[in-house]
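Work through the exercises below with the structure open. Each task is followed by its solution.

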Amino acid sequence: MTEPLLRVDGLAAGYGQLQAVRGVSFEVAAGEALAVIGENGAGKTTLFHSICGLHAASSGEVVFGGERLRGTPAHDIVRRGIALVPEGRRIFPSLSVDENLRVSEDQQRRRTGARRWTRDRVYQLFPDLRAAAQRGGHQISGGQQQMLAIGRALLSEPRLLLLDEVSLGLSPAVIKVLYQALAAIRADGMTLVFVEQDVRRSLAFSDHLVCLHKGTVRLARPSHGSSVDEVRRAYFG
Amino acid sequence: MTMQLIETLLNGLLLGGLYGLIGLGLSINFGTMRVVYLAHGDLIVLAAYFLVVALVPLGIPALVAAAIVVPVLFAVGWALQRFIVGWSLGRGILPPLIVTFGISMVLQNVLLLFATADARTLQTSLASSGVRLGSITVPTVRIIDFAVGVGCLGLLLAILGRTALGRALRATSDDADTARLMGVDPRRMYAVAAGISAATGAVGGVLLSATRTFYPTTGSEALLVAFEVVVVGGLGSLTGTFLGGILLAMAQLLAALWPGPSYSQVAAHVVVLLVLVFRPQGLLPRTAP
């Protein structure tokens, strides 16, 4: 059996007394899309933050492309190929749209080897952003901010893209555009792990799903053939 | 009377260039790290001493010596941040205040020990020369203060606005965690910001040494000026900081004209008070760079 691109093994993390993630394990093969579902407080965001180094895990291990990552600072993990599109988008408000993209692109300058992503390619993926390129990061719509957050993550040349609550608070039309773009990114060979509240969309867009409940894995299975009701039962414990 | 007023305002504008420059360093540290860097004034005075007590007596021409002082102070600011101040970040507002206050006390006492409490100044031919504009004579050194101050402001705005380093600094200032997700190491950015801040302080120190006499304790005075300049100008806005410097200097010199010289310090504090009451966000609140 080949080594998966990402292996999370018994990961635990919390805040003081509160254990938000308690021994979570799963694997993601290269090119796969994994949906992480769970209600608020299930530990999804803490799980993502622990994988990409923003939050220190208390035990367990994250292995990415055969390398152990626990204890590696976040700015090194992104260089190894894991990018997070954070919940709430976290656009730099005092930078323009174009500068938000450049901050990420700048860090890749010294990178040797071919680059797959350029600002131009991001603008092709999201034409809306090209039109807003010179506007301030705080002046654009929520949908544009989400496009920008995805584009900014892609410019760090990830092999694995983590997406936290991509569609939260956005209109159906915008969500459709975002998922079309994600489908194109996925078709290009990107490995995705994403959190999405809409169970139906999660199933349709993923190869596997992991359902978290109170920091533990309640359900893990292939998405194909899983029913929405079955997942919802696991979702609410 | 009118000529005297114009002369005073012109002198205030020019002196404001030095005040603004002194404020810029504090503004950079506050803008990127949200730290009020209490040792900033002492770094300015350290630069002045380094120039006047260590380099000039060796026979090094003042301009060459100044070109040595600035990069050395960049390194000092960088190292202080990397090895001392950096450890105090992320644990509330008090630890960095205490640590930078401690650095301030150490620097003052080191200067006292090695350079004595004697008054110093940079002896140059500029000190006594002036430029005639119509019937007004302006000290040359003040024109240099202003020109260098504006030059430093322009350089800083260009670095922050147009370079990869500037983008990374601004991103870190906006949201350090998200900057890390882009591959930016905030500790590195903070050290570079502290280095740039100390380098602007060094430029200020060189000008200060040519403009007036100074003592090991002048750093506290310079810090007060810097702090008031930043509060008046608007926290985190470099252009605002610079304008704040001009406003404070004009207020000081106008008050020295009327009601009299002993009111000049009070006038600056009154301006700060008025700004805090009527425009607490400062002249130019934080926007883009």
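Helices here are DSSP runs of H or I with at least four residues, numbered from the N terminus. The model is predicted.

**Exercise 1. Check the length of helix α7 of chain A, then inspect what follows it.**

Step 1. Helix α7 of chain A covers residues 172-187, which is 16 residues.
Step 2. At 1.5 Å a residue, counted for one less than the number of residues, the helix should span 22 Å.
Step 3. Its end C-alpha atoms lie 22 Å apart, so expectation and model agree.
Step 4. After α7(A) comes A:Gly189, with a positive phi near 105°.

**Exercise 2. Determine how α5 and α8 of chain B pack.**

Step 1. Take the axes of α5(B), residues 140-162, and α8(B): they are 10 Å apart, at an angle of about 175°.
Step 2. Angles over 145 degrees count as roughly antiparallel, so α5(B) is roughly antiparallel to α8(B).
Step 3. List the contact residues. α5(B) supplies B:Val141, B:Asp145, B:Val148 and B:Cys152. α8(B) supplies B:Thr200, B:Val203, B:Leu207, B:Ala210 and B:Thr211.
Step 4. Sort the residues of this contact by class: 6 are nonpolar, 2 polar and 1 charged.

**Exercise 3. Describe the largest nonpolar core.**

Step 1. The core has 160 residues.
Step 2. Those with the most contacts inside it are A:Leu162, B:Ala47, B:Ala48 and B:Val206.
Step 3. Which helix gives the most to this core? Helix α8 of chain B, residues 186-211, does, with 15 residues.
Step 4. Now look around A:Leu162. Beyond four places in sequence, A:Leu162 touches A:Phe48, A:Ile51, A:Cys52, A:Ile82, A:Ala83, A:Leu84, A:Val85 and A:Val193.

**Exercise 4. Break down the contact of chain A with chain B.**

Step 1. Chain A puts in 21 residues and chain B 16.
Step 2. On the chain A side, the elements giving two or more residues are α2 (74-80) and α3 (97-106).
Step 3. α3(A) has the largest share of that side, 5 residues.
Step 4. By class, the chain A side holds 10 nonpolar, 5 polar and 6 charged residues.

**Exercise 5. Is A:Arg70 buried, exposed or partly exposed? Place it in the chain as well.**

Step 1. A:Arg70 sits in the loop between β5 (67-68) and α2 of chain A.
Step 2. A:Arg70 has 16 C-beta neighbours inside 10 Å, and therefore counts as partly exposed.
Step 3. Setting aside neighbours within four places in sequence, A:Arg70 contacts A:Ala57, A:Glu61 and A:Val62.
Step 4. A:Leu101 is 31 residues from A:Arg70 in sequence, and their C-alpha atoms are 28 Å apart.

Key
Residues are numbered from 1 along each chain as its sequence is written. Chains are lettered from A and ligands numbered from 1 in the order in which they are written. This is a predicted model: local features need pLDDT of at least 70, side-chain atom pairs count only at pLDDT 80 or more; totals for chains, interfaces and linings use all residues. A nonpolar core is a set of buried Ala, Val, Leu, Ile, Met, Phe, Trp, Tyr and Cys residues joined through C-beta atoms within 7 Å. A residue is buried if 20 or more other C-beta atoms lie within 10 Å of its own, exposed if 12 or fewer, and partly exposed in between; C-beta atoms are placed from the backbone. Two residues are in contact if their C-beta atoms, placed from the backbone, lie within 7 Å. Ala, Val, Leu, Ile, Met, Phe, Trp, Tyr, Cys and Pro count as nonpolar, Asp, Glu, Lys and Arg as charged, and the others, Gly among them, as polar. Axes are lines fitted to C-alpha atoms, for helices over the stretch in contact, and angles run from 0 to 180 degrees between N-to-C directions. Angles under 35 degrees count as roughly parallel, over 145 as roughly antiparallel, 65 to 115 as roughly perpendicular and the rest as oblique.
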